[in-house]
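Me: Could you take a close look at one buried spot in this chain and tell me how the rest fits around it? I'm a first-year student, so please spell out the terms as you go.

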Amino acid sequence: MVENYKFFQNNKCEYFPCHKNIEKNKFNCIFCFCPLYLLGINCEGEYKILENGIKSCECCKKVHYGSEAYDNVMKIIKEKIGDKK
């Protein structure tokens, strides 16, 4: 089954790659702005709260690693928000 919609890479972005420790050929930009960010501490990602209170996701790979990033995000959204089908 072809699922090309699950992976997108913008290697011309001035911030590419914006997270460390992900192989460049596996870096998935499909969720450039993380849809899980608004879940706060319930996002299930690797984050830290900075001294100024801002949530930093710089170390998180959950939404950027390969085509499985899409499935990870969709699973978490369905679990936390619900499946509205």
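Reply: Here is a walk that starts with the whole chain, stops at Asn28, and then visits a few other places.

First, some ground rules: residues are numbered from 1 along each chain as its sequence is written, and side-chain values use heavy atoms, with hydrogens and water left out. This is a predicted model, so local features need pLDDT of at least 70 and side-chain atom pairs count only at pLDDT 80 or more, while totals for chains, interfaces and linings use all residues.

The chain has 1 helix and 2 strands, in the order β-β-α from the N terminus. Helices (H or I, at least four residues) and strands (E, at least two) are DSSP runs, numbered from the N terminus. The C-alpha atoms fit a box of roughly 40 × 35 × 15 Å along the principal axes. There are 85 residues, and 25% of them count as buried. Buried means under 20% relative accessible area, exposed means over 50%, and partly exposed is in between (1.4 Å probe, protein chains only). Of the contacts with a separation of 6 or more, 50% join residues 24 or more positions apart; a contact means heavy atoms within 4.5 Å.

Now for the close look. Asn28 sits in the segment before β1, the strand at 48-49. Why does Asn28 count as buried? Because its relative accessibility is 0%, and the cut-off for buried is under 20%. Its side chain has polar contacts to the backbone on two sides. One of its polar atoms lies 2.8 Å from the backbone oxygen of Lys6, and the side chain also reaches the backbone nitrogen of Ile30 at 3.0 Å. A polar contact here is a pair of N or O atoms within 3.5 Å; within protein, one must be able to donate a hydrogen and the other to accept it, and residues adjacent in sequence count only if both atoms are side-chain atoms.

Who else touches Asn28? Setting aside residues up to four places away in sequence, the list is Lys6, Phe7, Phe8, Val63, His64, Gly66, Ser67 and Ala69. Pick Val63 from that list and follow it. Again without neighbours within four places in sequence, Val63 is in contact with Asn28, Phe31, Cys34, Leu36, Ala69 and Val73. Val63 also belongs to the largest nonpolar core, whose 7 residues are Phe31, Cys34, Leu36, Cys43, Val63, Val73 and Ile76. A nonpolar core is a set of buried Ala, Val, Leu, Ile, Met, Phe, Trp, Tyr and Cys residues joined through side-chain atoms within 4.5 Å. So you can step from Asn28 to a member of that core through a contact, because contact means heavy atoms within 4.5 Å.

The segment before β1 has some backbone oddities too. Most residues other than glycine have a negative phi, and most peptide bonds are trans. Against that background, the bond from Phe16 to Pro17 is cis, with omega near -20°, and Pro17 is in the segment before β1. Glu44 is in that segment as well, and its phi is positive, near 70°, though it isn't a glycine. Glu44 is partly exposed, at 40% relative accessible area.

Next, the strands and loops. Ser56 lies in strand β2 and is buried, at 13% relative accessibility. Beyond its neighbours within four places in sequence, Ser56 is in contact with Glu46, Tyr47, Lys48 and Leu50. Asn52 is in the loop between β1 and β2 (55-56). Is Asn52 buried or exposed? Asn52 is exposed, with 59% relative accessible area. Its side chain still has a polar atom 3.1 Å from the backbone nitrogen of Ile54.

Finally, look at the loop between β2 and α1 (68-80), where Lys61 lies. Lys61 is partly exposed, at 32% relative accessible area. Lys61 and Lys20 are 41 residues apart in sequence, with their C-alpha atoms 8.3 Å apart. Lys61 is in contact with Lys20, Asn21 and Ile22, leaving aside neighbours within four places in sequence. Cys60 is in the loop between β2 and α1 too, but Cys60 is buried, at 11% relative accessibility. Cys60 touches His19, Gly45 and Glu46, not counting residues up to four places away in sequence.
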